Amino acid sequence: MIKSMALMTTAAATVFLAGCAGTGNNAPSASDMPPAVNAGGIMVGTANRMTLYTFDNDGVNQSNCNDQCAVNWPPLLASSSDVGRGDFSVLTRADGRKQWALVGKPLYFWSKDVRPGDTTGDNVNGTWHVFRIAPKR
């Protein structure tokens, strides 16, 4: 099951990778979709090329990171007109904003990552993890 989920995720991310280009802006934005995969297999936001993370305490298509948590871990926001496709879905956060999820996992940035490629949020509190895509075999 996990292997097939990883392969589906790899396929979905690969479809979006071709059209992705960074802008040098590190602030998350609603126009930051679709995510892409960098050379290391790490999911990144397309506009800012910053690493994306998941939170173990989230539910499927449900964010449990609000208030100060969302300041430290800014969500990958979707616009009100964005709709899910493939393994990507759009959820509604407690504050009413829309957020992107991949295979049901809400996606976030880490406020302490400074440059594209930084992964300083990996395993923070044992509950935050870089969203990695399994390599194709």
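Is Arg97 buried, exposed or partly exposed? Arg97 is partly exposed, because its relative accessible area is 36%, where buried means under 20%, exposed over 50% and partly exposed in between (1.4 Å probe, protein chains only). Before we go further, please keep in mind that this is a predicted model, in which local features need pLDDT of at least 70 and side-chain atom pairs count only at pLDDT 80 or more, while totals for chains, interfaces and linings use all residues. Residues are numbered from 1 along each chain as its sequence is written, and side-chain values use heavy atoms, with hydrogens and water left out.

**Overall layout**

- The chain has two helices and eight strands; these are DSSP runs numbered from the N terminus, with helices being H or I of at least four residues and strands E of at least two.
- Read from the N terminus, the order of elements is α-β-β-β-α-β-β-β-β-β.
- The chain holds 137 residues, and buried ones make up 43% of them.
- About 7000 Å² of the chain is exposed, with carbon and sulfur atoms supplying 55% of that area (Shrake-Rupley method, 1.4 Å probe; for residues, only the protein chains shown count as cover).
- Taking contacts (heavy atoms within 4.5 Å) between residues at least 6 apart in sequence, 60% join residues at least 24 apart.

**Nonpolar cores**

- A nonpolar core here is a set of buried Ala, Val, Leu, Ile, Met, Phe, Trp, Tyr and Cys residues joined through side-chain atoms within 4.5 Å.
- The largest one has 13 residues, of which Met43, Leu52, Leu76, Leu102, Leu107, Phe131 and Ile133 touch the most other members.
- A second core, separate from that one, has 11 residues, including Val44, Cys65, Tyr108 and Trp110.
- As general background, nonpolar side chains in soluble globular proteins tend to be buried together.

**Aromatic pairs**

- Searching the whole structure gives five aromatic pairs, counted when the ring centres of Phe, Tyr and Trp (its six-membered ring) lie within 6.5 Å; planes under 30 degrees apart are stacked, over 60 edge-to-face and the rest tilted.
- One of the five pairs is Tyr53 with Trp73, edge-to-face at 5.4 Å centre to centre and 75° between the planes.
- This pair links distant parts of the chain, with Tyr53 in strand β3 and Trp73 in the loop between α2 and β4 (77–78), 20 residues apart.
- Both Tyr53 and Trp73 are buried.
- Trp73 also pairs with Trp110, this time stacked, with 4.0 Å between centres and 25° between planes.
- Because Trp73 sits in the loop between α2 and β4 and Trp110 in the loop between β7 and β8, the pair ties together parts 37 residues apart in sequence.
- Trp110, like Trp73, is buried.
- Ring pairs join Tyr53, Phe55, Trp73, Tyr108, Trp110 and Trp128 into a cluster.

**Charged side chains**

- There are three salt bridges, each being a side-chain nitrogen of Lys or Arg within 4 Å of a carboxyl oxygen of Asp or Glu.
- Asp95 meets Arg93 in a salt bridge at 3.8 Å, N to O.
- Arg93 counts as buried because its relative accessibility is 3%, whereas Asp95, at 45%, is partly exposed.
- Asp95 also bridges to Arg97, with the closest N and O atoms 2.8 Å apart.
- The remaining bridge joins Asp122 and Arg132, whose closest N and O atoms are 3.5 Å apart.
- Asp122 is in the loop between β7 and β8 and Arg132 in the segment after β8, so this bridge ties together parts 10 residues apart in sequence.
- Asp122 is partly exposed at 31% relative accessible area, and Arg132 is partly exposed at 46%.
- Through shared partners, salt bridges connect Arg93, Asp95 and Arg97 into one network.

**Two loop residues to look at**

- Asp58 lies in the loop between β3 (53–55) and α2 (68–72).
- Asp58 is buried but has no salt bridge, and Arg93, the nearest side chain of opposite charge, is 6.8 Å away (Lys and Arg count as positive, Asp and Glu as negative; His and the chain ends are not counted).
- Neighbours within four places in sequence aside, Asp58 contacts Ser63, Asn64, Cys65, Pro106 and Tyr108.
- Ser111 belongs to the loop between β7 (105–106) and β8 (128–130), and counts as partly exposed because its relative accessibility is 41%.
- Ser111 and Asn72 are 39 residues apart in sequence, yet their C-alpha atoms are 5.2 Å apart in space.
- With neighbours within four places left aside, Ser111 contacts Val71, Asn72 and Pro74.
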